[in-house]
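Okay, thanks for squeezing me in this morning. I'll put the model up and walk you through how the pieces sit against each other.

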Amino acid sequence: MKKLLMVWVTEKQIKGDTLTQGIICEKARAIYGDLLNQTPRTSTDEASEDSFKASRGWFDNFRKRTGIYSVVRHGEAASSDVKAAEDYLETFSELIEANGYIP
């Protein structure tokens with residue numbers, strides 16, 4: 001889920017869209033729900049869409065793990081290395097394909 005979210009964040013940043021903690025957390029909950037619905041489970045499974053809250057603590061840890069330092073982009077921060085981001089997306093897409101992850 002975290003890798004899919006990071007791809008989404010990167011795509012949004014390349015487009016120059018504004019990202020806030022709330023937007024990222026909402027997308028994280030949506031991705032988690034989609035993955036949960038695609039995963040076969042039994043009636044005894046306790047996992048549910050309500051089990052993942054995408055709290056502030058989760059967001060802070062996500063930022064630390066992924067190296068996202070500034071979510072909302074202002075002024076010079078909005079100018080990014082588009083080529084490096086495109087290269088990253090290509091590399092990451094190859095990783096997803098090579099390991100058979102769900103798109």
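So, helix 1 and helix 3 run roughly perpendicular to each other. The angle between them is about 75°, and their axes lie 12 Å apart. Keep in mind that this is a predicted model, not an experimental one. Who actually touches whom here? On the helix 1 side you've got Lys-2, Leu-5 and Met-6, and they meet Trp-58, Phe-62, Arg-65 and Thr-66 in helix 3. Sorted by class, that contact of helix 1 with helix 3 comes out as four nonpolar residues, one polar and two charged.

Let me zoom out for a second. The chain has four helices and zero strands, so reading from the N terminus you get α-α-α-α, because strands and helices are what count as elements here. Of its 103 residues, 24% count as buried. And if you take the contacts with a separation of 6 or more, 64% of those are between residues 24 or more positions apart.

Back to helix 1, residues 2-15. That's 14 residues, and from first C-alpha to last the helix reaches 20 Å, close to the 20 Å you'd expect at 1.5 Å a residue. Which residues of helix 1 are buried? They are Leu-5, Met-6, Val-7, Trp-8, Val-9 and Thr-10. Two of those, Leu-5 and Met-6, you just heard about in the contact with helix 3. Right after helix 1 ends, look at Gly-16, which takes a positive phi of about 85°.

Now stay on Val-7, and go to the other end of the chain map. Ser-93 and Val-7 are 86 residues apart along the chain, and their C-alpha atoms are separated by 8.9 Å. Ser-93 belongs to helix 4, residues 82-99. Is Ser-93 buried or exposed? Neither, really: Ser-93 is partly exposed, because its relative accessible area of 42% falls between the 20% and 50% cut-offs.

Next up, helix 2. With 18 residues at 1.5 Å a residue, helix 2 should span 26 Å, and its end C-alpha atoms are indeed 26 Å apart. The buried ones in helix 2 are Ile-24, Cys-25, Ala-28, Ile-31, Gly-33 and Leu-36. What covers them? The cover includes helix 1 and helix 3.

How do helix 2 and helix 3 cross? Their axes come within 11 Å, at roughly 95°. That makes helix 2 roughly perpendicular to helix 3. In that contact, six residues are nonpolar, one is polar and one is charged. Naming names: Gln-21, Ile-24, Cys-25 and Ala-28 from helix 2 meet Arg-56, Trp-58, Phe-59 and Phe-62 from helix 3. If Trp-58 and Phe-62 sound familiar, that's because they also turned up on the helix 3 side of the contact with helix 1.

Between those two helices there's a loop, and Ala-54 sits in that loop. What's odd about the backbone at Ala-54? Its phi is near 50°, a positive value in a residue other than glycine. As a reminder, most residues other than glycine have a negative phi. Ala-54 is also buried, because its relative accessible area is 7%, under the 20% cut-off.

Last stop, the charges. Side chains of opposite charge can pair when their charged atoms come close. How many salt bridges do we count? Two.

One joins Asp-17 and Lys-12, with 3.5 Å from N to O. Asp-17 is partly exposed at 28% relative accessible area, and Lys-12 is partly exposed too, at 24%.

The other is Asp-60 with Arg-56, where the closest N and O atoms are 4.0 Å apart. Why can those two reach each other? They're four residues apart in helix 3, residues 56-66, so about one helical turn separates them. Asp-60 is partly exposed, with a relative accessible area of 27%. Arg-56 is exposed, at 60%. And yes, Arg-56 is one of the residues that meet helix 2.

That's the tour, so shout if you want me to spin the model back to any of those spots.

Definitions and conventions:
Residues are numbered from 1 along each chain as its sequence is written. This is a predicted model: local features need pLDDT of at least 70, side-chain atom pairs count only at pLDDT 80 or more; totals for chains, interfaces and linings use all residues. Side-chain values use heavy atoms; hydrogens and water are left out. A salt bridge is a side-chain nitrogen of Lys or Arg within 4 Å of a carboxyl oxygen of Asp or Glu. Buried means under 20% relative accessible area, exposed over 50%, partly exposed in between (1.4 Å probe, protein chains only). The expected span of a helix is 1.5 Å times one less than its number of residues. Axes are lines fitted to C-alpha atoms, for helices over the stretch in contact, and angles run from 0 to 180 degrees between N-to-C directions. Angles under 35 degrees count as roughly parallel, over 145 as roughly antiparallel, 65 to 115 as roughly perpendicular and the rest as oblique. Contact means heavy atoms within 4.5 Å. Ala, Val, Leu, Ile, Met, Phe, Trp, Tyr, Cys and Pro count as nonpolar, Asp, Glu, Lys and Arg as charged, and the others, Gly among them, as polar.
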